[in-house]
Amino acid sequence: RLMRAISGFLALAAMALASPAAAAENRCGILTNPTPANWWLTDRDGEWTIGVQGGYQAEGMENMPESLFGRGWVRTNGYYGHRCACLGVDTDRRSMRILSIHSARALPMKRCDADPALRKRR
């Protein structure tokens, strides 16, 4: 009996870990940082909040490499600006928040400029 109970518990735990909420998503779009601590990602599904100055901040900002801010970063306010990027993230779809960032990679702006779903959102 004990083994059956343990087996049932392990099966439930495995299903919980395999749920879509536990899996990181790959989201690509315009990564925007217009001013200090304000961050958004606009993709085909809308605008995702990453951080708001003096308020909400997603975990894992340290996982965004410096290379995002080099060649291809479009400056609009001193060092602040935007670029096309893909982020590996956990999200809360209801609030349109990025909860944590696992990875990030830069893409050429022409890729986002050519995406019809993103053109509608700009």
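In this predicted model, ring pairs join Trp 39, Phe 69 and Trp 73 into a cluster. A pair of aromatic rings is described by how far apart the centres lie and by the angle between the planes. Two aromatic pairs are present in the structure. In one of them, the ring centres of Trp 39 and Phe 69 are 5.9 Å apart and the planes meet at 70°, so this pair is edge-to-face. The partners come from distant parts of the chain, 30 residues apart: Trp 39 belongs to strand β2 (residues 39-43), whereas Phe 69 lies in the loop between β3 and β4. The rings of Phe 69 and Trp 73 have centres 5.0 Å apart and planes at 70°, so this pair is likewise edge-to-face. Phe 69 takes part in the pair with Trp 39 and in the pair with Trp 73. With regard to accessibility, Trp 39 has a relative accessible area of 9% and is therefore buried. Trp 73 also counts as buried, because its relative accessibility is 9%. Phe 69, in contrast, is partly exposed, with a relative accessible area of 28%.

The cluster is set within a protein of three helices and six strands. Read from the N terminus, the order of these elements is α-β-β-β-β-β-β-α-α. The protein has 122 residues, of which 34% count as buried. About 7,800 Å² is exposed by the protein, and carbon and sulfur atoms supply 56% of this area. When contacts between residues at least 6 apart in sequence are considered, 53% of them join residues at least 24 apart.

Covalent links between separate parts of the chain were also examined. The structure holds two disulfides, and with bonded cysteines counted along the chain their pattern is 1-3, 2-4. One disulfide is formed by Cys 28 and Cys 86, whose sulfur atoms are 1.8 Å apart. This pair connects strand β1 (residues 25-33), which contains Cys 28, with strand β5 (residues 80-92), which contains Cys 86; the two cysteines are 58 residues apart. The torsion about their S-S bond is about 105°, so the disulfide is right-handed. Cys 28 counts as partly exposed because its relative accessibility is 21%, a value that is not under the 20% limit for a buried residue. Cys 86 counts as buried, at 2% relative accessibility.

The other disulfide joins Cys 84 and Cys 112, with their sulfur atoms 1.9 Å apart. Here the link runs from strand β5, where Cys 84 is located, to helix α2 (residues 109-113), where Cys 112 is located, and it spans 28 residues. This link is also right-handed, with 75° about the S-S bond. Cys 84 is buried, with a relative accessible area of 1%, and Cys 112 is buried as well, with a relative accessible area of 3%.

A further site of interest is Tyr 56, which lies in the loop between β3 (46-51) and β4 (74-77). Apart from neighbours within four places in sequence, Tyr 56 is in contact with Thr 49, Ile 50, Gly 51, Arg 97, Ile 98 and Leu 99. Two of these residues can be described in greater detail. The side chain of Tyr 56 reaches the backbone oxygen of Ile 98 at 2.5 Å. The charged end of Arg 97 sits over the ring of Tyr 56, at 4.1 Å from the ring centre. The C-alpha atoms of Tyr 56 and Ala 37 are separated by 9.3 Å, and these two residues are 19 residues apart along the chain.

How values were computed. Residues are numbered from 1 along each chain as its sequence is written. This is a predicted model: local features need pLDDT of at least 70, side-chain atom pairs count only at pLDDT 80 or more; totals for chains, interfaces and linings use all residues. Side-chain values use heavy atoms; hydrogens and water are left out. Helices (H or I, at least four residues) and strands (E, at least two) are DSSP runs, numbered from the N terminus. Buried means under 20% relative accessible area, exposed over 50%, partly exposed in between (1.4 Å probe, protein chains only). Contact means heavy atoms within 4.5 Å. Accessible areas come from the Shrake-Rupley method with a 1.4 Å probe; for residues, only the protein chains shown count as cover. A disulfide is a pair of cysteine sulfur atoms within 2.5 Å. A polar contact is a pair of N or O atoms within 3.5 Å; within protein, one must be able to donate a hydrogen and the other to accept it, and residues adjacent in sequence count only if both atoms are side-chain atoms. Rings of Phe, Tyr and Trp (its six-membered ring) pair if their centres lie within 6.5 Å; planes under 30 degrees apart count as stacked, over 60 as edge-to-face and the rest as tilted. A charge sits over a ring if NZ of Lys or CZ of Arg is within 6 Å of the ring centre and within 35 degrees of the ring normal.
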